[in-house]
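Subject: Structure for you to look at

Hi there,

Here is the structure I promised to pass on. Please have a look at it first, and then read on for my notes.

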Amino acid sequence: MFDNISLNYYNFGFQLQRSQFLIDTLYPNVTFHLDCNDHFHIYRHNEYIANDELIFYVHYIVSGFMFINIQNTTNFSMLHIYHQFIDMFGDVDDLMKSIDKIYILLKYRYTRNKCEIDPEYEKHKIPTVGIYDKYLPTIKTTAYTSVMMKPKI
């Protein structure tokens with residue numbers, strides 16, 4: 001967490017820039033993914049977590065990590081990054097807004113892997129009532145890779 005962060009890459013007057021800062025500061029411990037069906041997923045150490053668990057993680061685990069590092073560092077730029085993080089995400093409502101906006105970043109900024117149509121769809125199709133069901137293939141979902149979420153330096 002908080003690796004390779006420079007505040008010069010962000011304009012915090014824009015909400016999406018704050019969301020990008022959240023993505024970058026929590027990487028690689030927490031990653032955000034959008035699958036081919038536009039479903040938003042959050043992973044902590046490769047395990048799925050819900051939004052409220054991420055909020056708890058930031059407010060207890062990350063804050064404890066920062067508290068220990070603040071006491072043990074004299075690196076002014078790192079202290080400034082911690083202060084900026086606390087200022088932007090110290091309030092749960094502000095953190096929730098930034099988490100919600102990550103969906104927009106994932107959808108429009110990062111390139112997803114192509115979704116593949118499952119060729120076995122007809123074999124595994126569950127019978128349902130509807131005229132158009134046979135024309136709707138199942139989709140194998142692929143998520144963003146975490147590497148794609150780091151800022152371009």
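**What I found**

Read from the start of the sequence to its end, the chain runs through the pattern α-β-β-β-α-α-α-β-α-β. That gives five helices and five strands. Please keep in mind that this is a predicted model.

Some totals to begin with. The chain has 153 residues, and buried ones make up 33% of them. About 9800 Å² is exposed, with carbon and sulfur atoms supplying 56% of that area. Among contacts with a separation of 6 or more, 66% are between residues 24 or more positions apart.

**Salt bridges**

How many salt bridges does a search of the whole structure find? The search gives two. As background, side chains of opposite charge can pair when their charged atoms come close.

One of the two joins Lys 107 and Asp 38 through their side chains, at 3.7 Å from N to O. This pair links distant parts of the chain, 69 residues apart: Lys 107 sits in helix H4 (residues 92–108), while Asp 38 belongs to the loop between E1 and strand E2 (40–44). Lys 107 counts as partly exposed, at 27% relative accessibility, and Asp 38 counts as partly exposed as well, at 26%.

Arg 44 forms a salt bridge with Glu 53, where the closest N and O atoms are 3.5 Å apart. Arg 44 has a relative accessible area of 26%, so it is partly exposed. Glu 53 is partly exposed too, with a value of 34%.

**Around Asn 29**

Arg 44 also turns up among the residues that Asn 29 touches. Leaving out residues up to four places away in sequence, the others are Met 1, Tyr 43, His 45 and Tyr 57. Asn 29 is in the loop between helix H1 (15–26) and strand E1 (30–34). Is Asn 29 buried or exposed? Its relative accessibility is 18%, and the cut-off for buried is under 20%, so Asn 29 counts as buried.

**Phe 12 and Gln 17**

Phe 12 is placed in the segment before H1. Its relative accessible area is 17%, so Phe 12 is buried. Beyond its neighbours within four places in sequence, Phe 12 is in contact with Leu 7, Gln 17, Arg 18, Phe 21, Gln 84 and Met 88. Met 88 is 76 residues from Phe 12 along the chain, yet their C-alpha atoms are separated by 8.9 Å.

Gln 17, one of those contacts of Phe 12, is found in helix H1. Gln 17 counts as partly exposed, at 28% relative accessibility. With neighbours up to four places away set aside, Gln 17 is in contact with Tyr 9, Tyr 10, Asn 11 and Phe 12. From Gln 17 to Ile 102 is 85 residues in sequence and 9.6 Å in space, C-alpha to C-alpha.

**A charged patch**

Finally, which residues form the negative surface patch? They are Asp 87, Asp 91, Asp 93 and Asp 94. Asp 87 lies in helix H3 (residues 76–89). With a relative accessible area of 53%, Asp 87 is over the 50% cut-off, so it is exposed.

Happy to talk any of this through.

Best wishes

Definitions and conventions. Residues numbered from 1 in each chain as written. Predicted model: local features only at pLDDT ≥ 70, side-chain atom pairs only at ≥ 80, totals over all residues. Heavy atoms only, no water. Patch = residues over 30% accessible without salt bridge, like charges linked within 9 Å, V, L, I, M, F, W, Y side chains within 5 Å. Areas by Shrake-Rupley, 256 points an atom, 1.4 Å probe, with all protein chains shown as cover. Salt bridge = Lys/Arg side-chain N within 4 Å of Asp/Glu carboxyl O. Lys, Arg positive; Asp, Glu negative; His and termini not counted. Charge placed at Lys NZ, Arg CZ, Asp CG, Glu CD. Helix = DSSP H or I, 4+ residues; strand = E, 2+ residues; numbered from the N terminus. Buried < 20%, exposed > 50% of the residue type's maximum accessible area, 1.4 Å probe, protein only. Contact = heavy atoms within 4.5 Å.
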